[in-house]
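Student: I have a model open and would like to reason through its sheet with you. Could we take it step by step?

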Amino acid sequence: MKDKALRKGQTFTPDFFFSAVIFIFIVNIAFLAWNSAQDKTIDFESDNMQRKIFYITDMLARTPGFPHDWNSTYIDIPGLADSPNIINISRMNELENISYDNLTYMWGLAYYDFNLTIESDTIYKTAGKEIDMESYYITPIERVVLLQDDDTGTLEKGLLRFTLWKI
């Protein structure tokens, strides 16, 4: 009977306590390292998406594209502007005729989905997919531009919205 009473107290020894403290310490360090790595991945992905979206919208709103007289079948780089920040609506019509896959290839968006919308009081044009609000990474940008109608030559204030997301 005396032997059984002595053996019960041997499970909680200083060696066990010391090893449990070290184990908890290592688990906490691993947890903090994992969270830090995830934060850096999110920051990297967000920065990458912002760089892409700034490049694309700048190219669309400030350049006529290449070649200068591009159309939906003959294009290297799409651009919508005759002058910086003056969007030509006929170029947007041509851009709508380019397939989604070709646009993602030209813009280097293989891992992303996008939506391009140009709107004003009287004009509404869109290209790309419907925005998926359930996405984990989503980056929108909105630029104020002038919209020029080739038929009438009038200028109208409008918005160029470009949204990039990754599921």
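Student: Which residue in S6 does Thr 117 stand opposite?

Tutor: Thr 117 stands opposite Thr 126 in S6. Keep in mind that this is a predicted model.

Student: How do you know that S5 and S6 count as paired?

Tutor: Pairing needs at least two bridges between the strands. S5 and S6 have five bridges, in the antiparallel sense, so they meet the criterion. A hairpin of four residues links S5 to S6.

Student: What makes S4 and S7 a pair?

Tutor: The cut-off is at least two bridges, and three join strand S4 (residues 86-88) to strand S7 (residues 137-148); therefore they pair. These two strands run parallel. In S7, Leu 146 is the bridge partner of Ile 86.

Student: What is the strand order, and why is the pairing called mixed?

Tutor: The open sheet has six strands in the order S3-S4-S7-S8-S5-S6, with mixed pairing. Here S4 and S7 run parallel, while S5 and S6 are antiparallel.

Student: What makes S3 and S6 edge strands?

Tutor: Strand S3 (81-83) and strand S6 (124-128) each pair on one side only. From one strand to the next, the twist averages 35°.

Student: How do you know that helix H4 touches the sheet, and which strands are involved?

Tutor: Contact requires heavy atoms within 4.5 Å. Helix H4 (residues 100-107) packs on the sheet and touches S5, S6 and strand S8 (155-166). The direction of H4 makes about 100° with that of S5.

Student: Where does helix H3 lie?

Tutor: Helix H3 (residues 89-96) lies across S3, S4, strand S5 (113-119), S6 and S7, and runs at about 35° to S6.

Note on methods:
Residues are numbered from 1 along each chain as its sequence is written. This is a predicted model: local features need pLDDT of at least 70, side-chain atom pairs count only at pLDDT 80 or more; totals for chains, interfaces and linings use all residues. Side-chain values use heavy atoms; hydrogens and water are left out. Axes are lines fitted to C-alpha atoms, for helices over the stretch in contact, and angles run from 0 to 180 degrees between N-to-C directions.
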